[in-house]
Amino acid sequence: MSWLTNWTWPTRLRDKGIIGMNRRNIRYIGRYNSRRLYPLVDDKLKTKLLAQQYGITTPELIGTVTTQFGVKRIGEMLEGHNGFVIKPAKGSGGKGILVIEKVEDDAFIKPSGVRQSIKDVERHVSNILSGLYSLGGSPDVAVIETLINFDESLLAYTYEGVPDIRVIVFKGYPVMAMMRLSTAASDGKANLHQGAVGVGLNIATGAALRGVQFDRPCFSHPDTGHDLASLVVPQWDTLLHLAAGCYEMTGLGYLGTDMVLDRDHGPMLLELNARPGLAIQMTNGEGLRRRLDLIEHQPDGVSVEERVAFAQHHFARQSELVEIPDSAMESA
Amino acid sequence: MSRLPFYLIVGFLLIAGIATSVHRHLQFEIPWFPGEQRQVWEIEAVINFNAQNGPVQVDLALPSHQAGYRVLTENTASSGYGLAYLADELGRQAQWTIRQAAGSQQLYYSVQMLVSPDARSPVQTPPELSSPPPWESPYDTAASQLIDRAWARSANNATFARELILDVNGNRQGENARLLLTQEQPSSLVVRLLNQAGVQAREVSGLMLEDGRRRQALSGWIQVFDTSTERWAIFNPITGEQGKPDNLLLWETGGRAVLEVQGGTNSRVSFSMLTHHQPASAAVRNHYSEDTLLNFSIHSLPLEEQALFQTILLIPIGALVVVFLRVLVGVKTSGTFMPVLIALAFIQTTLLTGLIGFLLIVAVGLIIRNYLSYLNLLLVARVSAVIITVIAIISIFTVLAYRMGLSAGLTVTFFPMIILAWTIERMSILWEEEGPKQVLIQGGGSLLTAVLAYLAMNNPWVRHITFNFLGVQLILMALILLLGNYTGYRLLELRRFKPITDDEKVS
C-alpha cells in the first residue's frame with residue numbers, strides 16, 4: 001500500500017512535539033489571545049501607530065487615504081518619494097499591496113519593470129478604499145509607507161520579493177523563527193504554500209537550520225542557487241528584542257510577528273498575526289510543543305531582555321545544513 | 001482553569017439524554033430499530049371559518065376503510081363544540097355543533113391510516129342511477145353529440161369514460177365541449193354526461209399522500225362503475241388515466257360536499273400529513289392517551305408542526321458530521337454549515353439529481369460570476385446579482401427539465417438559493433486568489449461533507465431515532481461539546497506533518 005507511506009502515526013507527531021490545528025486553536029489562541037485585542041493586529045494602520053508609541057521600528061508612514069475624495073491628492077503626497085508601498089489596512093495574505101520601486105518622470109515602476117501612471121495608482125487606491133481587498137469587503141483605508149531597502153546580505157537568497165522573518169512570540173518569549181524566501185514558483189510572494197522556501201532559524205544566532213520547499217527539505221535557493229547553509233540574519237538580537245516587545249504592545253499571548261531587515265534602519269516590524277500558522281514547525285523540523293510548555297512555566301512580568309536571553313539560551317540548536325557535505329546534497 | 005464544570009455539563013447531558021431515551025423505550029415500547037414495521041399515515045384536517053355570532057353546524061366528510069388503507073384511530077380537537085360521528089351508505093361524517101360562536105374558529109380532525117396492501121374496500125353495490133336534470137337548448141344537442149362520439153369510439157364503460165374525459169379536457173376538445181364547459185366544471189360535466197348515457201359515475205375527493213406535506217387540498221377524481229367487474233374504477237379527471245395511484249387516499253366517495261358549514265363564512269379545510277413506521281403490534285394498539293410531563297414528545301404537537309420537526313431534528317446530525325469532518329479529519333469546506341443545507345436539499349431531490357443539479361448550478365454560476373468580477377461591483381451588490389443569477393439558472397433548468405420530461409429536474413428548486421449564491425461568491429474569490437486547485441479542494445470537501453451528512457440524515461434508523469427519541473438531541477449536544485474540546489491531531493495533519501518525522505530516519 002504505497003499511499004500509506006505518505007502518512008504517519010499520531011504518536012510519532014506527539015514525540016516530535018508537533019502542535020495540530022485543534023490544539024493551537026484551543027490551548028494557545030483561545031487561551032492567550034483575547035478577542036478584543038484582535039483589531040490591533042487586523043488593522044495594519046492601528047498596528048503601525050501603536051508600534052510607534054512603543055518605539056518599535058516600522059517602515060515610515062508617508063500618509064493614509066481614507067476617503068475617495070482624498071484619492072485625488074495622492075500625487076502631492078507621493079512627491080519627493082522615490083519608492084513606496086501602498087497597502088490596504090485590513091488586507092490579508094498580501095492582497096492589494098502595490099510596490100513602486102522608483103519614480104521616473106511621472107511613471108511609477110514596479111519591481112517587475114511594469115510602468116504605471118498616476119491614474120493607475122489612483123485607481124488602485126480607490127479599489128482599496130471600496131474594500132476590494134479587505135476581509136468581507138468592508139470599506140478600508142489605504143496606507144502608504146516608504147519602500148524597504150532590504151539588506152544586501154540577503155539579496156542572494158531571494159527572487160524578486162522581500163524576504164521576511166516570522167517569529168512566534170509566546171507570552172513575550174520568542175519561541176521559534178523562520179525566514180520566508182520568495183521564489184519563481186511562488187511568483188515573488190513569500191507564501192509557503194505557493195512555493196516560497198521556508199528556512200528555520202536558530203533562535204540563538206539567527207543562522208539557518210534547515211530549508212523547506214513544498215514541505216520537502218531543500219538546501220539551496222531554487223532560483224539563485226545560493227547555499228542556504230551560509231544564511232545568517234544580521235542584527236539578530238535587535239530583531240528578537242523588537243519581536244518580543246510586541247507582547248507588551250498588543251497584550252496577545254500567542255503572536256506571529258513578521259519582520260523585515262532594512263539596509264539603513266535595521267529590523268522593522270511589518271505586521272502582526274494573531275493566528276499564526278503551523279508551517280513554522282515544518283521549516284524548523286521541530287514541534288512547538290516543548291518550547292511552549294517550557295514558557296508556560298515561566299513567571300509573568302519578566303523584562304524583554306531577560307525573555308530574549310532565556311529563549312536564546314534554551315532554544316539554541318545545531319544547523320542541519322552544515323553537517324551534511326555539499327556534494328552529497330547536490331546529488332540528493 | 002478547571003475543566004470540571006465542562007465535564008459535569010457533558011456528563012449531565014449524556015445521562016439525561018440516555019435516561020429519557022430509555023424511558024421512552026420502556027414506557028411507550030418504541031423500538032430502537034425501525035425494523036418489521038407498518039407504515040402509518042397521520043393525516044390532520046384543519047377547518048377554518050369565521051362564525052357569525054350564532055349557532056354553527058359543521059359537517060366534514062371522513063375517510064373510511066378502503067383498498068390499501070385501514071382507519072386506525074381518529075381524534076378531534078374542538079373546544080366547546082358538540083361532536084357526533086354519522087355514517088350512512090354514502091360515507092362517514094363528523095358533525096360539530098355549537099349554539100353560539102363568533103370570530104375565527106379552528107376545528108381539528110386527525111386520523112391514523114394504516115397502509116395495508118391487502119385491505120379491501122367494503123362490498124360495492126351499484127348505486128341507483130341518478131337522473132341528471134335535462135339540458136336546455138342548445139346544450140342538449142351538444143351533449144348528445146359528445147356522448148355519441150365517445151360511445152362510438154369505446155367498447156365498455158371504462159373506455160367510454162376515458163374517451164369522454166379526453167373529449168372534455170384533452171387537445172381533442174371540440175366546440176361542443178367548450179360550449180358545455182360554460183355551464184359546468186370539467187369533472188362534473190363528465191359525470192353528468194356519463195349519467196346521461198346510463199353509466200353510473202360520481203365525483204370523489206382524494207388526498208395525495210406525501211410525507212411532510214402541509215396545507216394540502218383534496219383533489220377531484222371520477223369513479224365509474226364497471227358492470228363487468230362489479231367494481232368502481234377510478235379516473236384522473238384531467239388525463240383520463242385509469243387506476244388509483246398508490247398514494248391516493250379517497251376521502252369522500254358519496255358525491256357529497258367535503259365540508260359544509262352553516263352559520264359561518266370563509267370556511268376552508270386543509271390537510272397536513274406525515275408518515276412514520278410503527279411496529280406491527282403497536283400500530284394496531286394505540287397509545288397516545290397519556291399526556292404527562294414525562295411524555296414530553298413532539299408527537300403531542302399538531303401534525304403540521306411534527307412534519308416540520310422531523311426535518312429540524314435531523315439538522316444536529318448534519319452538524320455533528322460537519323464537526324467530525326472538520327475537527328477530526330480536517331476537511332476544508334466552503335462555508336461552515338453550507339454542506340448541511342445542501343444535504344437537506346439532497347433529501348428532497350434524492351442524491352444523484354441533487355449532485356447533478358448542484359454541480360450544474362455552481363458551475364454556471366461561477367462562469368457568470370467571473371464576468372461580474374470585471375464590472376468591479378461592491379460586495380453586497382455583487383452577491384445580490386449572483387442570487388438573481390442563481391434564481392435564473394434554477395428557473396431555466398427547471399423549465400428545461402420539464403420540457404425534456406425529466407420530472408426529477410423539477411426538484412432543484414429545493415436548493416437554498418442564498419446559500420448557493422454565497423457558495424459561488426466564495427468559490428470565485430478563492431479561484432482568483434488561490435487558483436482552481438483550492439476551489440477543487442474546498443468544493444470537493446464541501447460536497448463530500450454534504451454527501452456524508454445526507455447519508456447520515458437520510459438513514460432510516462437515524463430518522464427513526466431522532467424523531468422518536470428527543471433525548472438523542474442531548475447526547476448529540478454532549479458529543480459536539482466533547483469534539484469542541486479535542487486538542488489532538490486531525491487525520492489530514494498526519495499527512496501534512498509527515499516530512500518532519502521522516503528526518504529522524506535520515507540522520
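Q: Which residue in strand 7 of chain B does Val224(B) stand opposite?
A: Happy to start here, keeping in mind that this is a predicted model. Strand 6 of chain B covers residues 219-226 and pairs with strand 7 of chain B in the antiparallel sense over 5 bridges. Within strand 7 of chain B, the residue standing opposite Val224(B) is Ala233(B).

Q: Which strands are the edge strands of the open sheet that holds the order 7-6-5-8 in chain B?
A: Let's walk along the sheet: it is open, its pairing is antiparallel, and its 4 strands follow the order 7-6-5-8 in chain B. From one strand to the next, the twist averages 45 degrees. An edge strand pairs on one side only, and that describes strand 7 (231-235) and strand 8 (248-252) of chain B.

Q: At about what angle does helix 3 of chain B run to strand 6 of chain B?
A: Helix 3 of chain B, residues 157-169, packs on the sheet. The strands touched by helix 3 are strand 5 (201-208), strand 6 and strand 7 of chain B. Its direction and that of strand 6 of chain B make an angle of about 145 degrees.

Q: Which strands of chain B does helix 5 of chain B lie across?
A: Helix 5 of chain B is made of residues 186-196. It runs at about 145 degrees to strand 5 of chain B. The strands that helix 5 lies across are strand 5 and strand 6 of chain B.

Q: What is the bridge partner of Leu83(B) in strand 4 of chain B?
A: A good place to look is the hairpin that joins strand 3 of chain B to strand 4 of chain B through 2 residues. Strand 3 (residues 82-88) pairs with strand 4 of chain B in the antiparallel sense over 7 bridges. In strand 4 of chain B, Leu83(B) has as its bridge partner Trp96(B).

Q: What is the bridge partner of Gly68(B) in strand 4 of chain B?
A: Here we turn to strand 2 of chain B, residues 68-77, which pairs with strand 4 (residues 91-116) of chain B. The pairing is antiparallel and runs over 9 bridges. The partner of Gly68(B) in strand 4 of chain B is Ser116(B).

Q: Why is helix 9 of chain B oblique to helix 13 of chain B?
A: The axes of helix 9 (residues 338-349) and helix 13 (residues 436-457) of chain B come within 8 Å. Their crossing is right-handed. Helix 9 of chain B counts as oblique to helix 13 of chain B because the axes cross at roughly 50 degrees.

Q: How many nonpolar residues are in the contact of helix 9 of chain B with helix 13 of chain B?
A: From helix 9 of chain B the contact includes Phe346(B) and Ile347(B), and from helix 13 of chain B it includes Ala450(B) and Tyr454(B). Among the contact residues, 2 are polar and none is charged. The nonpolar residues number 11.

Q: How far apart are the end C-alpha atoms of residues 469-489 of chain B?
A: An unreviewed UniProt entry lists these residues under "transmembrane region", along with other spans of chain B including 374-397. Residues 374-397 are 79% helix and 0% strand, with end C-alpha atoms 26 Å apart. Residues 469-489 are 62% helix and 0% strand, and their end C-alpha atoms are separated by 33 Å.

Q: Which element gives the most to the side of chain A that touches chain B?
A: The contact takes 23 residues from chain A and 19 residues from chain B. On the side of chain A, helix 1 (10-15), helix 2 (21-32) and helix 8 (279-284) each give two or more residues. By class, that side has 7 nonpolar, 9 polar and 7 charged residues. With 5 residues, the element that gives the most is helix 2 of chain A.

How values were computed:
Residues numbered from 1 in each chain as written. Chains lettered and ligands numbered in written order. Predicted model: local features only at pLDDT ≥ 70, side-chain atom pairs only at ≥ 80, totals over all residues. UniProt positions renumbered as here; feature names shortened; annotations may be inferred. Contact = placed C-beta atoms within 7 Å. Nonpolar A, V, L, I, M, F, W, Y, C, P; charged D, E, K, R; others polar. Pairing = 2+ DSSP bridges. Axes fitted to C-alpha atoms, helices over the stretch in contact; angles between N-to-C directions. Parallel < 35°, antiparallel > 145°, perpendicular 65-115°, else oblique. Left-handed = near helix turned anticlockwise from the far one by under 90°.
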